[in-house]
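Trainee: I am new to this structure and would like to go through it step by step, beginning with the sheet and ending with the space inside.

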Amino acid sequence: MRQKNLRIIDNISDLKKEIEKLQGSIGLVPTMGALHLGHQSLIEKSVQQNDNTVVSIFVNPIQFGINEDLDKYPRKLEKDCELCKQQGVDIVFAPRIEEMYKSDKNNITLICPPVNAVDKLCGKSRPGHFDGVCTVVAKLFNLTKANKAYFGQKDAQQLFIIQKMVKDLDFNIEIVPCPIVREQDGLALSSRNQYLSKNDRILALNIQKALKTAISLAKKGINDKRTILDSCLEILSDLDVDYIEFVDKNTFETVDLIDKNTLLLIAAKTPQTKTRLIDNSLLH
Ligand code: AMP
């Protein structure tokens, strides 16, 4: 593995200076930290594909709702920087809130995706969430001047919305989608998994079980949404299901008939720690 001289930067002015000094292509991996193997897979891809890699670590307050987990979200900067160093990252950008939102985080220009992209799935459950995501991501694109940016397919709606933003607003950047990384037993890796109690951890596996069942039904030729939905809901009965939706992977429009483009997305909360988990899979 290529070790480089990692620079850890916490302010915009130093970041701009360091970015000016870089030669060659720049890959950006935006994260909220508490890095795990899912994040690491994005970082590895960026390091492979670019001369320089910037990892941002910022728990972005404007993408959290008032009753969400902003305060307790895990923060592990030192450990995260160690991982970035091992992976050959050039710059970790870890600003404080006041640095990113200099005036007042409640009084800034927002980038708002169109209603039909956010009136479903996580956008519906978390009003304003994607305004916060798009705004911080746009700032990071501008600040890092990255040629490519890496996003996980675990946050499928986020990936779709960012790709749309880049296209609609002519950002000069390539978005690289990265596959979901899972634990050995199938649970999608997430910084929030550390909230799970022992019992929640067992029940969390039902999300993956439901996705697998849906895939096997679709592969048997069942294309009726209701039948697949009923099987999934039975498997998810011990969880508090936030949504379970079938969409076309290219448009994110909801569909009634399952075909090769159908993406099944699930969000559910665990009973004890109320941890909100998301996962998704193509059905063919
Ligand atoms: P987060 O720190 O949760 O905001 O995630 C930062 C980036 O890592 C996002 O693009 C996520 O989609 C991606 N990511 C998070 N978990 C995973 C995972 N298990 N597999 C692949 N990518 C992931």
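Trainee: In what order do the six strands of the open sheet stand?

Mentor: This is a predicted model, and in it six strands form an open sheet whose pairing is parallel. From one strand to the next the twist averages 25°. Read across the sheet, the strands stand in the order 1-4-3-2-5-6.

Trainee: Why is one side of strand 1 and of strand 6 left without a neighbour in the sheet?

Mentor: Strand 1 (7–9) and strand 6 (174–178) each have a single partner strand, so one side of each has no neighbour in the sheet. The reason is therefore their place, which is at the edges.

Trainee: Which residue of strand 5 stands opposite Leu 28?

Mentor: Strand 2 (residues 26–31) and strand 5 (residues 148–152) run parallel and are joined by two bridges. Opposite Leu 28, the residue in strand 5 is Ala 149.

Trainee: At about what angle does helix 2 run to strand 5?

Mentor: Helix 2 (residues 37–49) lies across strand 2, strand 3 (52–57), strand 5 and strand 6. With respect to strand 5, the direction of helix 2 is at about 155°.

Trainee: Which strand gives the largest share of the lining of the largest cavity?

Mentor: The largest cavity holds about 50 Å³ of space, and its lining has five nonpolar, two polar and two charged residues. Among the lining residues are Lys 154, Leu 277, Ile 278 and Asp 279. The largest share, three residues, comes from strand 9 (residues 276–282).

Note on methods. Residues are numbered from 1 along each chain as its sequence is written. This is a predicted model: local features need pLDDT of at least 70, side-chain atom pairs count only at pLDDT 80 or more; totals for chains, interfaces and linings use all residues. Side-chain values use heavy atoms; hydrogens and water are left out. Two strands pair if DSSP finds at least two bridges between them. Helices (H or I, at least four residues) and strands (E, at least two) are DSSP runs, numbered from the N terminus. Axes are lines fitted to C-alpha atoms, for helices over the stretch in contact, and angles run from 0 to 180 degrees between N-to-C directions. Contact means heavy atoms within 4.5 Å. On a 1 Å grid over the protein atoms alone, a cavity is a set of points where a 1.4 Å probe fits but cannot get out, and a pocket is an open set with protein on both sides within 12 Å along at least five of seven lines; lining residues have an atom within 4 Å of a point. Grid points are joined across faces, edges and corners, and a volume is the space filled by probe spheres set on the points. Ala, Val, Leu, Ile, Met, Phe, Trp, Tyr, Cys and Pro count as nonpolar, Asp, Glu, Lys and Arg as charged, and the others, Gly among them, as polar.
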